[in-house]
Amino acid sequence: MRAIVLSRNNELSSRHDYPTPTMRDGEVLVRVLRAGICETDLQLIRGYMGFTGVLGHEFVGVAESGPMQGRRVVGEINCSCWTCSTCRAGRPSHCPNRSVLGILNHDGAFADLIAVPQRNLHAVPDAIPDEVAVFTEPVAAAFQIPAQIAIGMRDLVVVLGDGRLGNLCAQVLARLSSSVVVIGKHAEKLALLSGAGIATKLLADVEPDHNADIVVDCTGSPTGLPMALSLVRPRGTIVLKTTVAGEQTLALAPIVIDEVTIVGSRCGPFDRALAALGAGEVSVLPLISARYGLSDGVAAIEHARSRPSLKVLIDVQ
Ligand SMILES: [Zn+2]
Ligand SMILES: [Zn+2]
């Protein structure tokens, strides 16, 4: 089958002879329709996690086997063991034995076929088109924020970062708080948000005012957390949505003195994301910057890496 493969020396190649996935226990085969390129993919190419194999974890496809055979599906990315104490305690996305689609010890979705645990699959309602359903994983990640912390209508919520994830988080949070402000560097990406009725500010115009009840860092940059600390109020909350490879130095005393809560936030609820996409609560089509066929997958990744873009899609079939 065709696949976009990352090999040991961080080399990316388009293969036409990649072996069809071998299914592990409880897995079914999914024929991929659309896949999305995410910041994590770009970090993996730079050596994050030391991943080798087929990239891609945002996808919609058709189940080729199992009880959902013939139906359109999206899939949660953590493949958990379901037997260890962490899984049995109800935290399967933190299973120490897990593999993660396209990220850790499991081939991903930039391919004709992907093997996915049956219990990770969610059927996609007919009303949701493929190019919308492919956003389920990042939209679910945005919905993880209200799943972790309480957000009040009057809370001042600041989202740092005007990229794909910042945009989706802002859209989700703007339904929960009437004061959401996105801070970013790119006028055209901020314009997309203001067009959706969300307040924005250019980074250059921001003063450290310690006013925000909640700051969500979606920058993917080592400068995100220090910036968040300069904006959050005493006893406020910082949510870290993006991973930053490597180590950072940071003065921790302000966190103690101001009694700031820092929350790490990763994968979220797919059912909630599908409901929101079906109801049009979150608008994703304006985020699509470019589309490529699977055979041009390397060019698609190059586009996402080197040109200003929000979401680059791979049309697999
Ligand atoms: Zn992702
Ligand atoms: Zn487990």
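The following legends describe close-up views of a predicted model.

**View 1. The zinc ion and the protein atoms that hold it.** The zinc ion (ligand 1) has two protein donors, the SG atom of Cys-38 and the NE2 atom of His-57, which lie 2.1 to 2.2 Å from the ion. Cys-38 belongs to the loop between β3 (27-36) and α1 (39-45), whereas His-57 belongs to the loop between β4 (53-54) and β5 (58-63); the pair therefore ties together parts that are 19 residues apart in sequence. Both Cys-38 and His-57 are buried.

**View 2. Cysteines and the question of disulfides.** A disulfide is a covalent bond between the sulfur atoms of two cysteines. How many disulfides does the structure hold? The number is 0. For Cys-79, the closest cysteine sulfur is that of Cys-95, at 9.9 Å, which is too far for a bond, because a disulfide requires the two sulfur atoms to be within 2.5 Å. Cys-79 is buried, its relative accessible area being 8%.

**View 3. The surroundings of Cys-87.** Is Cys-87 buried or exposed? With a relative accessible area of 5%, Cys-87 is buried, because a residue counts as buried when this value is under 20%.

**View 4. Thr-136 and its contacts.** Thr-136 is part of helix α4, which comprises residues 136-148. The relative accessible area of Thr-136 is 1%, so this residue is classed as buried. Which residues does Thr-136 touch, leaving aside those up to four places away in sequence? They are Val-74, Phe-270, Ala-273, Leu-274 and Leu-277.

Technical notes. Residues are numbered from 1 along each chain as its sequence is written. Chains are lettered from A and ligands numbered from 1 in the order in which they are written. This is a predicted model: local features need pLDDT of at least 70, side-chain atom pairs count only at pLDDT 80 or more; totals for chains, interfaces and linings use all residues. Side-chain values use heavy atoms; hydrogens and water are left out. Donors are N, O and S atoms within 2.8 Å of the metal (3.2 Å for Na, K and Ca); water is not among the atoms, so sites may look incomplete. Helices (H or I, at least four residues) and strands (E, at least two) are DSSP runs, numbered from the N terminus. Buried means under 20% relative accessible area, exposed over 50%, partly exposed in between (1.4 Å probe, protein chains only). Contact means heavy atoms within 4.5 Å.
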